[in-house]
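Hi everyone, thanks for making time. I'd like to walk you through a structure that is new to most of you, so please have a look at it while I talk.

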Amino acid sequence: MAIEKMSIAKALNESLRKALDTDPKVLIMGEDVGKLGGVFRITDGLQKDFGEERVIDTPLAESGIVGTAIGLALRGYRPVVEIQFDGFVFPAYDQIVTQLAKMHARALGKIKMPVVVRIPYGGAIGAVEHHSESPEALFAHVAGLKVVSPSNASDAYWMLQQAIQSDDPVIFFEPKRRYWDKGEVDVEAIPGELHKSRVAQAGTDLTLAAYGPMVKLCLEAAKVAAEEGKSIEVVDLRSMSPVDFDGIQASVEKTRRLVVVHEAPVFLGVGSEIAARITERCFYHLEAPVLRVGGFHSPYPPARLEDEYLPGLDRVLDAVDRSLAY
Amino acid sequence: MTVESTAARKPRRSSGTKRATGADARKSAAATQSAEPQLVQLLTPEGDRVEDATSSEFAPYVADITADDLRGLYRDMVLTRRFDSEATALQRQGELGLWASLLGQEAAQIGSARALRDDDYIFPTYREHGVAWCRGVDPTNLLGMFRGVNHGGWDPTTNNFHLYTIVIGSQTLHATGYAMGITKDGADSAVIAYFGDGASSQGDVSEAFTFSAVYNAPVVFFCQNNQWAISEPTERQMRVPLYQRAAGFGFPGVRVDGNDVLACLAVTRWALERARNGEGPTLVEAFTYRMGAHTTSDDPTRYRADEERAAWEHKDPIERLKAHLLASGHADDAFFAELETESETLGKRVREVVRAMPDPDTMAIFENVYADGHALVDEERAQFAAYLASFEGGN
Ligand SMILES: Cc1ncc(C[n+]2csc(CCOP(=O)(O)OP(=O)(O)O)c2C)c(N)n1
């Protein structure tokens, strides 16, 4: 074991460093990823150590970034592209949805698309428009893409490497409000499966399912609920496509109650699919309908309203109470 | 004289530009690599009027400018800079979440904006505080989005000054469409779209060039080439001087000294005249420099050298006009003193207004999502109101 304590940002940086080091086909591409090290410094120092041919500052053009990454992948490279903020992925959305996602199927499985698209996402950093959104459902809905989000430093470190090793395109959502949270990383561990959920906290009365930035919030909620004598299980989904329904089912069969929490709008969100599937799978186990806590059907609000918009402790605990009241 | 601005020389009636042959294009590409492209300049960094072939071509467009007008341009630049530095300070004090400073780009903005008519329509990006100033938008209205109380803060139709656009390059297409509408209406107003050198890499900007050329839209593309897109220098965006790109789309492009307010005014007037005459789009590249950080969250020491900034300081747009005003006797000490007082008053007002700016009402989250209303929004609004009320009841 070689355990190191580091922030999520540092874990991602170390992970990229290791990927560049072990596989000469791995490339980092994006706006400002070179000298600046990215606006969040996730690529800090990588260009200095691996050169401009491996860590590539691109023109300011997201469609161009993903489109050329597809071409590089066709040529045998494994590009890891950085989209600067969630709201700026849309110029590349066409390339991701119409090309990246479908290339493998169109080629009858003959070609692979090992492209990772890293997107810092989510709110609570007091930013201006287009810097705080959670568009994961828009990607999870598209067949051919895999969609994941780590919630802690260890997962950040390992999931990113697994995403890079994957022969499928992976949309890798980074919870930007948690970048500076520290955690332990065992850099020699044998990591778990990329698309398996994880029980972050065991409990018996109710399951809170979350991913990315909301896992920490759910753990806090479980702590508060414990003081009130409630035993909450927190499941960190880690992957939004595929979703580990077996993992959630196992938890719900035990606790009989489920609340799904995410920042993204509730309507047609990842939580909707989980609610539907778990209702189907666990109909006779459930003591209450599956509840969802998340964003509203409104544009992400200006920063001074984001605390109201985003799920916080109170909204999660309110849902817990409602579920337990059935 | 560049190929592109040769086309500019006889704009009056000749519709369209000289069609370049493949050989011409290769020739001009080669020329680009060897020589620095010529800048349209009317005032040197020392404040002297320039009289050469390029300037004499554009000088007529500012022949009517009086001493009073010059003082007005100076006043605009000084007050805009004062407003900008106040906003930077307010960000440092935690009153604003972010600020995108225009420091160094005052001449490009004031010169181009003062060329516009009231019925012209403007599509800014997020740094056009000087343009907003010229349009009569209350500067404190620009601060709402940076403070985080709204996503805009002004009614674009009041001053024909559209909302700031953060997604890079998007607005150039809106500008083109608006301009197409003007043509359909048979009106003679024009549109100006502001964007940066980095933005020129976006597909949207190329598509805006394509549409505006094909539909001969009365739009001026005003690119402030401030040399950087966050940490990336222009070489990471393009390999030929930006203004030359217009030729490939079939309309003229010209590079102007972006730190020379008079030249920016002249060139923009010329481009607007073309638009009004039905001669279609123009690309103006204002060659300038972003003196500060990209935004208050950026750290330029990571990617650029201090010497670079120092070299550009010598070309400061405000000092240049001041030198000219003094040398020509167009302004005296009393004028500068009065302006100083006016600056202080503006700074104070901005500070006070920002500090007093209220947070929006929580329920604003559900307002203006749709023009015609929406059942889901109504349901969520009611649920959230009941949820909030449950706290008041419980306490
Ligand atoms: C589509 C999109 N991608 C990325 C960003 C993040 N971003 C904001 S400003 C900027 C650089 C813009 O440079 P330039 O167009 O030269 O304008 P300047 O800010 O220098 O005036 C970037 C990359 C964005 N706002 N929109």
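Let's start with one residue, Phe296(A). Its relative accessibility is 7%, so Phe296(A) counts as buried. This is a predicted model, by the way, so please hear everything I say as computed from that model. Along the chain, Phe296(A) sits in the loop between strand 14 (291-295) and helix 11 (306-309) of chain A.

What is Phe296(A) in contact with, once its neighbours within four places in sequence are left aside? On its own chain there are Pro265(A), Glu308(A), Tyr309(A) and Arg315(A). From chain B come Ile365(B), Phe366(B), Glu380(B) and Phe384(B). For a sense of scale, the C-alpha atoms of Phe296(A) and Met29(A) lie 33 Å apart, with the two positions 267 residues apart in sequence.

Those partners on chain B take us to the interface. Chain B brings 43 residues to the contact, and chain A brings 39. Between them the chains bury about 3500 Å², and 60% of that is on carbon and sulfur atoms. Three residues, His151(B), Arg302(B) and Ile365(B), supply 20% of the area that chain B buries against chain A, more than any other three. You'll remember Ile365(B) as one of the residues touching Phe296(A).

How many salt bridges are there between chain B and chain A? The count is three. In one salt bridge, Arg302(B) pairs with Asp44(A), and their closest N and O atoms are 2.6 Å apart. There are also 16 residue pairs in polar contact across the interface. On the chain B side, the elements giving two or more residues are helix 7 (144-147) and helix 16 (375-394). Helix 16 of chain B gives the most, with six residues. Sorted by class, that side of chain B has 22 nonpolar, 11 polar and 10 charged residues.

Now let's go inside. The largest nonpolar core has 182 residues, and Ile96(A) and Ile274(A) have the most contacts within it. Helix 12 (residues 261-276) of chain B provides the largest share of this core, 11 residues. Looking at Ile274(A) itself, and leaving out residues up to four places away in sequence, we find it touching Leu237(A), Val243(A), Phe245(A), Ile248(A), Leu258(A) and Val260(A). Apart from the largest core lies another one, of 20 residues, among them Met214(A), Leu217(A), Ala221(A) and Leu317(A).

Some of those names come back in helix 8 (residues 213-227) of chain A, whose buried residues include Met214(A), Leu217(A) and Ala221(A). Just after helix 8 of chain A, Gly229(A) takes a positive phi of about 85°.

Here's another inside residue. Is Leu16(A) buried or exposed? With 0% relative accessibility, Leu16(A) counts as buried. Leu16(A) belongs to helix 1 (residues 8-22) of chain A. Beyond four places in sequence, its contacts include Ile28(A), Ile42(A), Leu46(A), Val80(A), Arg118(A) and Leu160(A). The C-alpha atoms of Leu16(A) and Tyr157(A) are 8.4 Å apart, although 141 residues separate the two along the chain.

Last topic: salt bridges. Over all chains, the structure holds 46 of them. In one, Arg277(A) meets Glu273(A) at 2.5 Å, N to O. Both residues are in helix 10 (residues 270-281) of chain A, four residues apart, which is about one turn of the helix. An α-helix has 3.6 residues a turn, so residues three or four places apart point the same way. Arg277(A) is partly exposed, with a relative accessible area of 40%, and Glu273(A) is partly exposed at 36%.

A second pair, Asp64(B) and Arg269(B), has its closest N and O atoms 2.9 Å apart. This pair links distant parts of the chain, 205 residues apart: Asp64(B) is in the loop between helix 3 (53-58) and helix 4 (67-92) of chain B, while Arg269(B) is in helix 12 of chain B. Asp64(B) counts as partly exposed at 49% relative accessibility, and Arg269(B) is partly exposed at 23%.

A third pair is Asp298(B) with Arg290(B), at 3.8 Å between the closest N and O atoms. Both of these residues are buried. Finally, Asp155(A), Arg198(A), Asp236(A) and Arg238(A) are joined into one network by salt bridges that share partners.

That's my tour. Thanks for listening!

Key. Residues numbered from 1 in each chain as written. Chains lettered and ligands numbered in written order. Predicted model: local features only at pLDDT ≥ 70, side-chain atom pairs only at ≥ 80, totals over all residues. Heavy atoms only, no water. Contact = heavy atoms within 4.5 Å. Buried area = accessible area lost by both parts, 1.4 Å probe. Salt bridge = Lys/Arg side-chain N within 4 Å of Asp/Glu carboxyl O. Polar contact = N/O pair within 3.5 Å; in protein donor to acceptor, adjacent residues only side chain to side chain. Nonpolar A, V, L, I, M, F, W, Y, C, P; charged D, E, K, R; others polar. Buried < 20%, exposed > 50% of the residue type's maximum accessible area, 1.4 Å probe, protein only. Core = buried A, V, L, I, M, F, W, Y, C linked by side-chain atoms within 4.5 Å.
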